[in-house]
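Student: I'd like to go through a structure by question and answer. Can we look at the sequence and the model first?

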Amino acid sequence: MSKPKGNKNYMTLNATECLVAFKYLQDNADSLFNDAKILANSVSYGHATSLLINSSEEYMKAFIIFLDGNGFQFRNRVPGISNIFVNHKLRYGLALILTLLAILIDDFKVLLPHIKKTYNLTFDLMRDKEQIQNEMFSYMDMRIQTVLQEVQWFSEAEFLRQDGLYVDYVNEIKTPLNITKTNFDETAFRITRIRSFISDYISSFKSEGIIIIQGLENLKTQFIIEGWYENIGKVIDLFKDHTKNPLLNLSTLMREFSNEIPK
């Protein structure tokens with residue numbers, strides 16, 4: 001496999017070059033992830049935790065490049081998408097979205113048998129509307145604390161990454177030696193979930209099933225028709241100010257939303 005050549009960067013790669021670059025990004029992310037586990041086995045939890053977070057950033061870049069290599073148009077249609085290759089906080093925002101999607105998918109797998117048992121294919125939507133609504137509120141109430149925890153964790157991920165690498169003095173000495181096994185395990189759990197989500201999604205592009213193929217093609221169209229690219233650009237715009245972290249504001253909004261969910 002040859003590397004892309006010439007005066008190129010992530011924003012100017014063609015589809016074929018994207019798929020080549022994706023593989024290098026994925027391999028590096030996997031290497032960082034595996035190196036982190038080796039360091040953790042040596043009780044170097046600070047450096048190990050930082051490497052895990054670095055690996056997640058490489059996975060985010062790889063994911064966008066892979067999608068564009070398969071016909072999506074993030075780099076062409078999303079205003080400010082180039083920031084994902086230079087802005088740590090923006091990568092954490094994307095990682096948060098993938099995490100929440102992974103949680104939703106896992107929950108759906110568990111809930112699906114219950115849904116099939118409770119409702120047949122011809123249920124009356126209006127008749128069952130109140131019951132469905134109540135169950136949705138119940139699910140949201142159950143999961144809101146999990147979502148809040150994830151928002152809070154990713155809003156502080158950059159601080160954790162830096163704390164795992166550097167000695168600092170903020171009222172007291174802060175050293176990578178203060179990072180604990182618990183910090184590492186919590187980070188490893190999240191990054192492993194992201195890796196699995198991306199791996200499963202990438203595998204779907206190899207499917208020969210007509211339903212999956214059509215679904216992916218429809219998704220590409222929806223991004224354009226539904227204006228998803230433009231909306232992603234608006235989100236990216238919130239991250240341009242390096243002095244602010246939109247995820248912290250999101251955490252506050254989520255707590256307010258939690259209080260408004262009918263109990």
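Student: What does Glu217 count as: buried, exposed or partly exposed?
Tutor: This is a predicted model, in which local features need pLDDT of at least 70, side-chain atom pairs count only at pLDDT 80 or more, and totals for chains, interfaces and linings use all residues. Residues are numbered from 1 along each chain as its sequence is written, and side-chain values use heavy atoms, with hydrogens and water left out. Buried means under 20% relative accessible area, exposed over 50%, and partly exposed in between (1.4 Å probe, protein chains only). At 41% relative accessibility, Glu217 counts as partly exposed.

Student: Which side chain meets that of Glu217 in a salt bridge?
Tutor: A salt bridge needs a side-chain nitrogen of Lys or Arg within 4 Å of a carboxyl oxygen of Asp or Glu. Here the N to O distance is 3.0 Å. The two residues are three apart in helix 8, about one helical turn. The partner of Glu217 is Lys220.

Student: Is Lys220 buried or exposed?
Tutor: Look at its relative accessible area, which is 16%. That makes Lys220 buried.

Student: Why can residues three or four places apart point the same way?
Tutor: Opposite charges can pair when their charged atoms come close. Spacing along a helix matters here, because residues three or four places apart point the same way when the α-helix has, per turn, 3.6 residues.

Student: Which residue forms a salt bridge with Asp185?
Tutor: The closest N and O atoms are 2.7 Å apart. Both residues lie in helix 7, four residues apart, and are separated by about one helical turn. Asp185 is partly exposed at 34%, and its partner is partly exposed at 45%. The partner is Lys181.

Student: Where do Asp27 and Lys23 both lie?
Tutor: These two form a salt bridge, with the closest N and O atoms 3.3 Å apart. Asp27 is partly exposed at 36%, and Lys23 is partly exposed at 32%. They sit four residues apart, about one turn of the helix. Both lie in helix 1 (residues 15-41).

Student: How many salt bridges does a search of the whole structure find?
Tutor: Some of them join up: Glu57, Arg91, Glu158 and Arg161 are linked in a network of salt bridges. The total from the search is 13.

Student: Now the rings. How many aromatic pairs are found in the whole structure?
Tutor: Rings of Phe, Tyr and Trp (its six-membered ring) pair if their centres lie within 6.5 Å; planes under 30 degrees apart count as stacked, over 60 as edge-to-face and the rest as tilted. The search of the whole structure gives 15.

Student: What kind of pair do Phe66 and Phe205 make?
Tutor: Phe66 lies in helix 2 (residues 45-69) and Phe205 in the loop between helix 7 (181-204) and helix 8 (210-225), so the pair ties together parts 139 residues apart in sequence. Phe66 is buried, at 7%. The ring centres are 5.1 Å apart and the planes at 90°, so the pair is edge-to-face.

Student: How many residues apart in sequence are the parts that Phe72 and Phe223 tie together?
Tutor: The centres of these rings are 5.7 Å apart and the planes at 90°, so this pair is edge-to-face. Phe72 is buried, at 4%, and Phe223 is buried, at 12%. Phe72 lies in the loop between helix 2 and helix 3 (74-77), and Phe223 in helix 8, so the separation in sequence is 151 residues.

Student: Which residue lies over the face of Phe33?
Tutor: A charge sits over a ring if NZ of Lys or CZ of Arg is within 6 Å of the ring centre and within 35 degrees of the ring normal. Here the distance from the ring centre is 3.9 Å. The residue is Arg195.

Student: Which residues of helix 9 are buried?
Tutor: Helix 9 spans residues 228-238. The buried ones cover an arc of only 60° (from the directions of the helix axis to the C-beta atoms), which puts them on the same side of helix 9. On the other side, Lys234 and Leu238 are exposed. The buried residues are Tyr229, Gly233 and Ile236.

Student: And what part of the chain's 263 residues is buried?
Tutor: Helices (H or I, at least four residues) and strands (E, at least two) are DSSP runs, numbered from the N terminus. The chain has 10 helices and two strands. Its buried residues make up 40%.
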